Amino acid sequence: QVQLVESGGGLVQAGGSLRLSCAASGGIFSMYGMGWFRQAPGKEREFVASISRSDGRTMYVDSVKGRFTISRDNVKNTVYLQMDSLKPEDTAVYFCATAASSLIVVVPTFARNAKNYDHWGQGTQVTVSS
């Protein structure tokens with residue numbers, strides 16, 4: 001059973017940066033595509049970014065393009081989300097998740113559907129003050 005643990009969240013002023021990490025254990029990390037989602041109070045869970053298993057393909061929601069960067073280290077079994085130029089509307093709990101299908105970096109509607117992801121972490125809070 002794959003276990004995911006997010007870290008790196010916190011409180012930051014608008015315009016600042018944070019780097020989230022998601023450490024995986026209990027499975028073969030390089031076999032999974034990985035995604036980041038976020039959920040703000042009273043809102044549905046929203047896709048943020050995804051990355052393929054090993055060839056570096058990525059996909060982003062339009063609202064974070066040019067500001068966020070997803071990456072992974074298959075030796076350290078960790079996926080990252082570098083978040084720059086943060087805005088108050090980025091405030092949310094951020095979750096990482098595994099995906100068996102490579103469609104998460106090919107088909108936007110597939111990537112955005114949380115049902116296409118299998119294992120989830122517990123989340124880390126990101127708060128951006130104005």
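**Salt bridges and a disulfide in the predicted model**

Glu46 comes out as partly exposed, at 31% relative accessibility, where partly exposed sits between buried (under 20% relative accessible area) and exposed (over 50%), using a 1.4 Å probe and protein chains only. The model is a predicted one, so local features need pLDDT of at least 70 and side-chain atom pairs count only at pLDDT 80 or more, while totals for chains, interfaces and linings use all residues. Side-chain values use heavy atoms, with hydrogens and water left out, and residues are numbered from 1 along each chain as its sequence is written.

Start with the charged pairs. Five salt bridges turn up in the structure, a salt bridge being a side-chain nitrogen of Lys or Arg within 4 Å of a carboxyl oxygen of Asp or Glu. One of them joins Glu46 to Arg38, with 2.7 Å between the closest N and O atoms. Unlike partly exposed Glu46, its partner Arg38 is buried, at a relative accessible area of 6%.

Another of the bridges pairs Lys65 with Asp62, and here the closest N and O atoms are 3.0 Å apart. Asp62 is out in the open as far as accessibility goes: its relative accessible area is 60%, which makes Asp62 exposed.

Then there is the bridge between the side chains of Asp90 and Arg67, at 2.8 Å from N to O. Asp90 belongs to the loop between β8 (78–83) and β9 (92–99), and Arg67 to the loop between β6 (58–60) and β7 (68–73), so this pair ties together parts that are 23 residues apart in sequence. Strands here are DSSP runs (E, at least two residues), numbered from the N terminus. Asp90 and Arg67 are both buried. Nor does the pair stand by itself: salt bridges link Arg38, Glu46, Arg67 and Asp90 in a network.

On to the cysteines. Taking a disulfide as a pair of cysteine sulfur atoms within 2.5 Å, the count comes to one. The link is between Cys22 and Cys96, whose sulfur atoms are 2.0 Å apart. Its handedness is right-handed, with 60° about the S-S bond. Cys22 sits in strand β3 (residues 18–25) and Cys96 in strand β9, so the disulfide ties together parts that are 74 residues apart in sequence. As for accessibility, Cys22 is buried, with a relative accessible area of 0%, and Cys96 is buried too, likewise at 0%.

Terms used:
Helices (H or I, at least four residues) and strands (E, at least two) are DSSP runs, numbered from the N terminus.
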